[in-house]
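Please open the structure in your viewer and keep the selection panel at hand. The stops below go from one chain to the places where chains meet.

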Amino acid sequence: MSEPFEPKIVAFVCTYCTYAGADLAGTSRLKYAPNVRIVRLPCTGRISPMFILKALQKGADTVLVSGCHPGDCHFTAGNYHARRRWTVFRALLAFTGIPEERIRFSWVSAAEGAKFAEMINDITDETRKLGPFTQYQELQKVIETQSSY
Amino acid sequence: MTRILLRNKLDECIAAWQKAGFSVLAPVRRHEMSSFGEVQKVADMALDLVLTERTIKDKFFPQTEPLIKYKISKQQIDSETMTPPDQKRVFFGVRPCDASGLAIDDPLFGWDYKDDYWFRRRDNSVIVTIACAKADDFCMCTSVKLSPESTKGADVMLRPLLEGSGWQIEVCTERGKALLEIVSSLLLEGNGHTFPLPQVAEKFDVEKVMEWLASKENFESQFWKDISLRCVGCGSCTFLCPTCHCFDIQDEGDTYQGIRRKNWDSCSFANFTMHTSGHNPRNTQSTRWRQRIMHKFNYYRGKFGVNSCSGCGRCTRQCPVDMGITETLQAISNLPR
Amino acid sequence: MGIQEQYRSEAAALLSSGEVKLIIGFGAGSTADRRRPLFARTPDEAQKFVLDAACIANLSTYLVTEGLLSDGKKVAVFLKPDGIRSVNILISEAQLKPEQVVILGYAIDNAEVTPLEGRKISDFSISEQIRSLTPPPHILQEAERIEEMSATERFEFWKEHFAKCIKCYACRQVCPMCYCRRCIVDVNQPQWISTSSHTLGNFEWNLVRAFHLAGRCAACGACDRACPVNIPLRLVNYRMGKEVSDAFDYCAGENSNQKPVLASFKQDDPETFIL
């Protein structure tokens, strides 16, 4: 019997807002889908598009990037830079055919534990419906086979 | 007795070869690029080109190739050698320069050990060369002592008939003979008049060039700096060259598993000779350009008795800044002695 | 006096007066329709310069050759508006000192070549010219065609093209904006981008290069022309330029004082997609 598809979600989050928010979700005993793997960074300004591409290459079905609300960045302006970067990167991915639903961005503050939990649950459900991110992973499979010519 | 292959029999030949287990590859135009690809009939082929933009090199020495698959666990490392496919292939419509490229590289891949990846593919392939009916300004086969009808590397040589109805056949090797046996009923006896060969003027005196390169004091000549000023250091010339063969071994994977791959590499790249200490013996484009020319016309010749150049001219044709071997060798052969 | 003769004598004068140590221009190529970059260090060599409608390469890429300008001397270079744009961008990214670059500017309109007034980078005001600089019609048409496609169709389109990539890096080497001492693809601790030219590795490389050029590309088309396997690189770089222009009202290279677009921000930048 084949196992039902369980999405792999990778979340790159900033330490001072979203990670704290996720922590709050935990201490408040809010249940959220265990499919998410959280990678903590000091600030969204540190998040390079390389991380997102690597996550997809390694088998993530959806990638979430989340940080402090504009104006609340612990490092003052990191999230402003991140926002510009995401706008551009998202356009690039869309233009080259990587569906927009596979990369998500959010602002989640340290007080928004409920928002975090709800968001993870929503994203996991949507990804379950979308199915595994095969188009990228198919390219990966080709690599692992014997070369044709 | 010479035989003729008629163009209108080619579809049947392809079918016969396929039935005998061969995959038939020929020049094709696909995705805005001309290269060699699998064909089912003559209508798929692009036989009117001077030559294809890509060589057949990547069908014997792929630009990326998995060698070993490995898995690392606490106790051991499990590895699986990934072998090249055993598919028999016919390469139909290869240009003499591209065929000679394979023959030039054979001694290298069989030098200190026999490179199974190369030879398995070589042994399974039959090269059917078609002599050139036209050349362009970049061709320079005659300058490196080859020609538009050179049989070097060919198993069968076809010469286009004047009327364009087919080709006159010359069998070059046992392998070629065996291939033609399969379709012998489809061939005609006869001579036919062949299309005249294009005139490919000699662009440089290769003997003079080799003499100059062999002289040790020219190694440090200012010539190298002057001639390579505009080279941007991309890998186009090396990757499109029928004879260039440098490669890099890369392990791709993560902590627990991965694949070891053999990838094309280029001596024009700045990091080609970068040591882990950070020292780079060839850290200027002029030293890298010098290495390319010396390798092709001196070092390779010294080791294997043949220049590592088939005169196809792709290096200049595709160079983004119009460089290539021809200009440099012309300049060397014109230097005052 | 035709523009070629005019610039030849100007070039010779710049060299004989010692104002510049080197001039980068064009010379005859290996065939009648080709032009190649030519480097002149003496007035005699300057007489070999050719300037006509076939001189389309962006020569500003040679200005960032390692060590070229480290002696503080000046270099002159033949540039079209896209090359001038490149120089503006390079100056704004602190890769060039404006006083070291003398520009012999020219514009090609149909088959006519006209000189541009000015010699220092600050003499050229090309903002309007750049803003109206649309890429060739076939690029615009292709870009629109891709926008109409579904995500799967787009992926297939780019998969077909990127599968051809041989990782020769000609696109990177001819680009004036790719001046990193160590390109990200050459970094192996860790290996962010696969150097292998399988489709995935090619996808990664081309995507990342396009991203690194977002808001910095001068739309000169050198990458597209250099690609030996005919990948339509201009398309993706054009799309990035368009995004930056639409989202941030930014056009790279209008002058040498702009702040690079991804190194700056506005508090009210658009955020239509953030949860």
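What follows is a short tour, with something to select at each stop.

This is a predicted model, in which local features need pLDDT of at least 70 and side-chain atom pairs count only at pLDDT 80 or more, while totals for chains, interfaces and linings use all residues. Residues are numbered from 1 along each chain as its sequence is written, and chains are lettered from A and ligands numbered from 1 in the order in which they are written.

Select chain A and colour by secondary structure: five helices and four strands appear, where helices (H or I, at least four residues) and strands (E, at least two) are DSSP runs numbered from the N terminus. Along the sequence their order is β-α-β-α-β-α-β-α-α. With the whole of chain A in view, its C-alpha atoms fill a box of roughly 55 × 35 × 20 Å along the principal axes.

Next, add chain C and look at where 32 of its residues meet 33 residues of chain A, a contact being two residues whose C-beta atoms, placed from the backbone, lie within 7 Å. On the side of chain C, the elements giving two or more residues are helix 6 (151-162), helix 8 (199-213) and helix 10 (233-248).

Finally, show chain B, which places 28 residues in contact with 27 residues of chain C. Among the elements of chain B that each supply at least two residues to this side are strand 11 (247-253), strand 12 (257-264) and helix 10 (325-333).
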